[in-house]
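Trainee: Could you walk me through a protein model and show me how the labels people use are justified?
Mentor: Sure, have a look at this one first.

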Amino acid sequence: MTPLVSIIMGSTSDLPVMEKAVRQLDELAIPFEILALSAHRTPDEVAQFAREAEAKGVRVIIAGAGMAAHLCGVIASMTPLPVIGVPIKATLDGMDALLAIVQMPPGIPVATVGINGAQNAALLAAQMLSLGDADLMERLKAFKEGLKEKVVRANADLKEVKYRFKTN
C-alpha cells in the first residue's frame, strides 16, 4: 500500500496530538505513513523526505510542530506537494507555533489548522484527495452527515433534561 498522506512530527512527544489525524485518516481508509523528523536535529533527513515524497506517491503532507515550528515551512520549501501545518501547544499556549507556521513568506504556502487541530488537518487532506476520488468524496459526505446526526441526537437528549425554570 502506498501512502497518500505523510504525517510528520518533530518528535514522538507530538504523537498524542497527531494521533487524531492518524485515527481520522484510518477511519476514512486513506493510506498514510507516520515519521518523526526534526528540522533542527535531522535536517538532512527532512530534506531527503521532502524531495522524495512526491515520487513515492505521497499527495499531501501533514506536519505537526511546536515552539519554533520550522518543520512545516522547511518541508514546504522543498516540495511541490501541499503541506498542512498543525501548530502544537508546547509553549506560549501554542501561539508561537501557530504564528511560525501561518506566517510563511510568499511562494512557500503552508495551510494551517488551529492549535492541536490534527483531526482537521486530516480532514483537509482528505478533502484535497477527494477531488480526484469519488469514493473518498462519498466517505467524506457520510462523515459530515454523521456530524449532523450527533448534534440532532444531542438536542433530543437535551429536551429530556429537566430543570425547574427550563422552558424547552
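What follows is a chat about how labels are earned in this predicted model.

Trainee: Let's start broad. How many helices and strands does the protein have, and in what order do they run?
Mentor: There are 6 helices and 5 strands. Starting at the N terminus, the elements go β-α-β-α-β-α-β-α-β-α-α. The C-alpha trace spans about 65 × 40 × 30 Å along its principal axes.

Trainee: What makes two strands count as paired, say β1 and β3?
Mentor: Pairing needs at least two bridges between the strands. Strand β1 (residues 5–9) and β3 have 5 bridges, so the pair qualifies, and the pairing is parallel. For instance, S6 has I61 in β3 as its bridge partner, and V5 stands opposite V60 in β3.

Trainee: And how do you know that β3 pairs with β4?
Mentor: That takes the same check against at least two bridges. Here 6 bridges join β3 to β4 (residues 83–88), so they pair, and they run parallel. One of the matches is A63, whose bridge partner in β4 is G85. To get from β3 to β4, the chain goes through helix α3 (residues 71–77), and this β-α-β crossover is right-handed.

Trainee: Why is that crossover called right-handed?
Mentor: Picture the strands pointing away from you: the name applies if the path from the first strand over the helix to the second runs clockwise. The crossover from β3 through α3 to β4 is right-handed, so its path runs clockwise in that view.

Trainee: Which strands make up the sheet, and why do β2 and β5 stand at the edges?
Mentor: It's an open sheet of 5 strands in the order β2-β1-β3-β4-β5, with parallel pairing. β2 (32–36) and β5 (111–112) each have a single partner strand, so one side of each has no neighbour in the sheet.

Trainee: Which helices pack against those strands?
Mentor: Helix α2 (residues 43–56) lies across β1, β2 and β3, at about 170° to β2. Helix α4 (residues 95–102) packs on the sheet too, touching β3, β4 and β5, and its direction makes about 160° with that of β4.

Trainee: What makes you say β3 is mostly covered?
Mentor: Count the buried residues: in β3 (residues 60–66), 6 of its 7 residues are buried. Across the protein's 168 residues, 39% count as buried.

Trainee: Why does S130 count as buried or exposed?
Mentor: Buried means under 20% relative accessible area. S130 is at 4%, so S130 counts as buried. S130 belongs to helix α5 (residues 118–130), and S130 touches L136, M137 and L140, leaving aside residues up to four places away in sequence.

Trainee: What makes the S130 and Q127 pair a polar contact?
Mentor: The limit for N or O atoms is 3.5 Å. A polar atom of the S130 side chain lies 2.8 Å from the backbone oxygen of Q127, so that distance is within the limit.

Trainee: Now D157. Buried or exposed, and how do you know?
Mentor: Exposed means over 50%. D157 has 53% relative accessibility, so D157 counts as exposed. D157 is in helix α6 (residues 134–160), and its C-alpha atom is 30 Å from that of L124, 33 residues away along the chain.

Trainee: What makes M67 and L92 stand out in their phi angles?
Mentor: Most residues other than glycine have a negative phi. M67 isn't a glycine, yet has a positive phi of about 55°; L92, also not a glycine, has a positive phi of about 50°. M67 lies in the loop between β3 and α3, while L92 is in the loop between β4 and α4.

Trainee: Why is M67 called partly exposed but L92 exposed?
Mentor: Partly exposed falls between the 20% and 50% cut-offs. M67 has 47%, so M67 is partly exposed. L92 has 64%, which is over 50%, so L92 is exposed.

Trainee: Last one: what does UniProt list for this protein?
Mentor: An unreviewed UniProt entry lists "domain: PurE" for residues 3–151, a span that is 49% helix and 17% strand. UniProt also lists "coiled-coil region" for residues 137–164. In the model, that span is 86% helix and 0% strand, with its end C-alpha atoms 46 Å apart.

Notes:
Residues numbered from 1 in each chain as written. Predicted model: local features only at pLDDT ≥ 70, side-chain atom pairs only at ≥ 80, totals over all residues. Heavy atoms only, no water. UniProt positions renumbered as here; feature names shortened; annotations may be inferred. Helix = DSSP H or I, 4+ residues; strand = E, 2+ residues; numbered from the N terminus. Buried < 20%, exposed > 50% of the residue type's maximum accessible area, 1.4 Å probe, protein only. Contact = heavy atoms within 4.5 Å. Axes fitted to C-alpha atoms, helices over the stretch in contact; angles between N-to-C directions. Polar contact = N/O pair within 3.5 Å; in protein donor to acceptor, adjacent residues only side chain to side chain.
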